[in-house]
Amino acid sequence: MSLRDRQRAETRHRIQRQAIRLFVDRGYDATTVNDVAAAAGVSAMTVYRHFPTKEDLVLYDDFDQLAAATISELPATGSLADRIGRTVLATFDLADTHDREILLDRLRLMISTPALQARHLDSQYRLQEAFVTGIGAGADDPTAEFQTRAAAGAVLGVAYTALLRWAAEDGESSLPELFREAFTSTFGQSL
């Protein structure tokens, strides 16, 4: 990663952290993009350059790219649900040790803010697409694409259930363990 890319990532991270803090403290609707810009020490234009919409300040993450990269690196063994589940688990393992509080705050905002709920569903769809792309199931094999999309949707439903429980327990439980438990009870196999 070049110096410029690192600086952009650091700026994006700083802006998002300040936005989440303000949304939690003041409320999502009561906080403006100008408030976020001032707290992050940047212009409103810089905020919009990194986050095209106010909703993106909460919803943006690298999970789609990370998921696609991770699943393409995993051995193509096991069921589709198993491969996708191992990818989600690897990401939850990272989340459990990195930015745990920010993830918990983001999740609470997504659950409780009507303006974010619909956009959150859009991000779930993009993630499902990342799995289809990462596995390589394309239009040339409609059956494989359908099966991958169905498996991704099911695993993402399990992941969402684990995330909701984790948020309800204020992050006290282990997110990876909650996901493992939900996955096992849904698919009858452990990860």
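Tutor: A salt bridge is a side-chain nitrogen of Lys or Arg within 4 Å of a carboxyl oxygen of Asp or Glu. The model is predicted, so local features need pLDDT of at least 70 and side-chain atom pairs pLDDT 80 or more, while totals for chains, interfaces and linings use all residues. Residues are numbered from 1 along each chain as its sequence is written, and side-chain values use heavy atoms, without hydrogens and water.

Student: How many salt bridges does the structure hold?

Tutor: Arg21 with Asp25 is one of them, and Arg165 with Glu169 is another. The total for the structure is 12.

Student: How far apart are the closest N and O atoms of Arg21 and Asp25?

Tutor: Both residues sit in helix H1 (3–26), a helix being a DSSP run (H or I) of at least four residues, numbered from the N terminus. Because Arg21 and Asp25 are four residues apart in H1, about one helical turn separates them. Their closest N and O atoms lie at 3.7 Å.

Student: Is Asp25 buried or exposed?

Tutor: Buried means under 20% relative accessible area and exposed over 50%, with partly exposed in between (1.4 Å probe, protein chains only). Arg21, at 38%, is partly exposed. Asp25 has a value of 54%, which makes Asp25 exposed.

Student: Which residue forms a salt bridge with Arg119?

Tutor: The closest N and O atoms of this pair are 2.5 Å apart. Arg119 lies in helix H8 and its partner in helix H4, so the bridge ties together parts 63 residues apart in sequence. Arg119 is partly exposed at 21%, whereas the partner counts as buried at 13%. That partner is Asp56.

Student: Which residue is linked with Asp56 and Arg119 in a network of salt bridges?

Tutor: Asp56 and Arg119 are paired directly. The network also includes Glu55.

Student: Which helix gives the largest share of the largest nonpolar core?

Tutor: A nonpolar core is a set of buried Ala, Val, Leu, Ile, Met, Phe, Trp, Tyr and Cys residues joined through side-chain atoms within 4.5 Å. The largest has 29 residues, and Phe92 and Trp166 are among those with the most contacts inside it. Helices H5 (63–73), H6 (80–97), H7 (100–112), H8 (114–135), H9 (142–168) and H10 (175–187) each give two or more residues. The largest share, 10 residues, comes from H9.

Student: Leaving aside neighbours within four places in sequence, which residues are in contact with Phe92?

Tutor: Contact means heavy atoms within 4.5 Å. With those neighbours left out, Phe92 touches Ala159, Leu163, Leu175, Pro176 and Phe179.
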